[in-house]
Amino acid sequence: MKEKKSNWTLVCLCITAICLSAPMNGLSPSLSMVAHDFGFDSKERDVYLGSYIALSTMLGQMIGSCISGYLADAYSRTLILVVSLLIGAVTTSLFSFPYAPYSLLVFLRIFTGACQAAVIPILFSLIGDYYKPEERATTSAIVSSCLGGGMMLGQLLVGYFLSIWGWRSPFLVMGTCSLLAALCLRVVLVDPQKGGNEEALAGLAEKGIQVTLPAMTAHSFMQSLLVPTVLLLLLQTPPNTVPWGVLSAHLHDLLATEARLSMQEATTLIALFGCGAAAGGLCGGFIGSRLYSLHKPLLPVFMGTSLAAASLLMQGLLSTDLGQPGALSLAYPVLVCAGALAAVNGANIRVLVINLTSPESRGASVALLGFVNCIGRGFGPLIAELYMDLLAMERRDAISSLLNLWLLSGALLCLAGRSLTQDEERLRLGLRRLADDALQAAAVGESTFSNSVSQKVSCTTPSSGAVNFRILQQQQLQTLQPPLFMSPERDRALNKILL
């Protein structure tokens, strides 16, 4: 299993992220062409193809985020990835049907959004179980870059081949890729043990004591959400994702119409923005990992300042007349830098949530983050439409105004740095206490005793067999007391395992 993990696990996770994300922005380059096919004017284009398609995708993503935690507990996580890829392959391929009405497109987008949103929490839950804490930031950055890169690849595929294939045929190509990916994952990927790479618990497995975490409870899930840093990370998500939803739906078409650029020029600008986002996701993950190792609060500050800088760069670009001589040469580096800076947040935020939540509630916590993400992205185009209607704004001005939300999100991220170290230490103490109790149960054969973590654990050792015990909540983690039954020999053995 380790060999498969080292050679193929990351490749499989990246392929899944790319294939399920590719169709998400596929309509963006062709909004005007799709509107022409369905007989929509410019106003109906923004409402039916900008807002309603985004809302149907959001509805599917909300459904997927809600059920992903249950699915991860009830079924194999790798099996869920395979099934999601198969469903995504079918729904994406049906977009290429030449006589598909608008209502069918809306219906299919619900399933496309549900498959993607159900898989994202499982991907990062698997990262938490496949990789050690010091490896998670880099791995999370790579997979996050593949999520964004997949959306960009789908958008570029449609944009560059729009004049050759039309807007429908590229979706058949994306659907076929998802089908092939599902077949590969079924053969290669293996489910890991939950919590198997936690420092406090891994040492027990090496000594023959296996700690099996129970299914998540509502109480443990709420405890994870009430952590101050996690709350701030959730609060910053809507102002972070609303501009992303607007840019995904409108930026490509805006450049090709109101900015008076050709489709090839607009697609090239979007490609540069996507390349910058991919590079920023990877580099941001590596830099974030280094900052996290040096001083944990530096990571959210880095994320917040990068997002604020991206907002200012994009606002400057939207205020520029790209039809002037030399304007495009200036737009190229600006878009690369803006994409790179804006992607830093997405590359690091999930690994923060993983490191701040207990193993059994990680999938649900990342799912909730994805749920809030879906709300922001889904309502983004609708909010832009309301800006244009209520404030009589042009589309370019409405997008520029909404980019100010990135400044608010950046401020909340900087604030999260104040509580990060304390919250992570609280989780580490809880897991260490769990390991202490598991070691005592294996050594003295006790069946029941208490501490502050509310969960069931089954311990198995070669000598003592299976020992089941229940840990009940009695006090806060800050007031944890050292374990009883300590002797010099037990003390040395425990330190050797846990330290």
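## A walk through the chain

Start with everything shown: of the chain's 499 residues, 56% count as buried. Keep in mind that this is a predicted model. Colour by secondary structure, and you should find 19 helices and three strands. With the surface switched on, the accessible area comes to about 20500 Å², and carbon and sulfur atoms account for 66% of that. Contacts in this chain often bridge distant parts of the sequence: among those between residues at least 6 apart, 80% join residues at least 24 apart.

**Next stop: the cores.** Select Leu 81, Leu 123, Phe 124 and Val 143. These residues have the most contacts inside the largest nonpolar core, which has 51 residues. Now add helix H5, residues 102-130: this helix gives the core its largest share, nine residues. Zoom in on Leu 123 and show what surrounds its side of the chain. Leaving aside residues up to four places away in sequence, Leu 123 touches Leu 13, Thr 16, Ala 17, Leu 81 and Val 143.

Then move to Leu 318, Leu 328, Leu 335 and Ala 384; they are among the 34 residues of a second, separate core.

**Last stop: helix H11.** Select residues 237-256, the 20 residues of H11. From first C-alpha to last, H11 reaches 29 Å, close to the 28 Å expected at 1.5 Å a residue. Where is the kink in H11 centred? Click on His 250: the kink is centred there, at about 45°. Finally, bring back the rest of the chain around this helix and see how covered H11 is: 19 of its 20 residues are buried.

Key
Residues numbered from 1 in each chain as written. Predicted model: local features only at pLDDT ≥ 70, side-chain atom pairs only at ≥ 80, totals over all residues. Heavy atoms only, no water. Helix = DSSP H or I, 4+ residues; strand = E, 2+ residues; numbered from the N terminus. Expected span 1.5 Å × (residues − 1). Bend = angle between axes of the 7 residues up to and from the residue. Buried < 20%, exposed > 50% of the residue type's maximum accessible area, 1.4 Å probe, protein only. Contact = heavy atoms within 4.5 Å. Areas by Shrake-Rupley, 256 points an atom, 1.4 Å probe, with all protein chains shown as cover. Core = buried A, V, L, I, M, F, W, Y, C linked by side-chain atoms within 4.5 Å.
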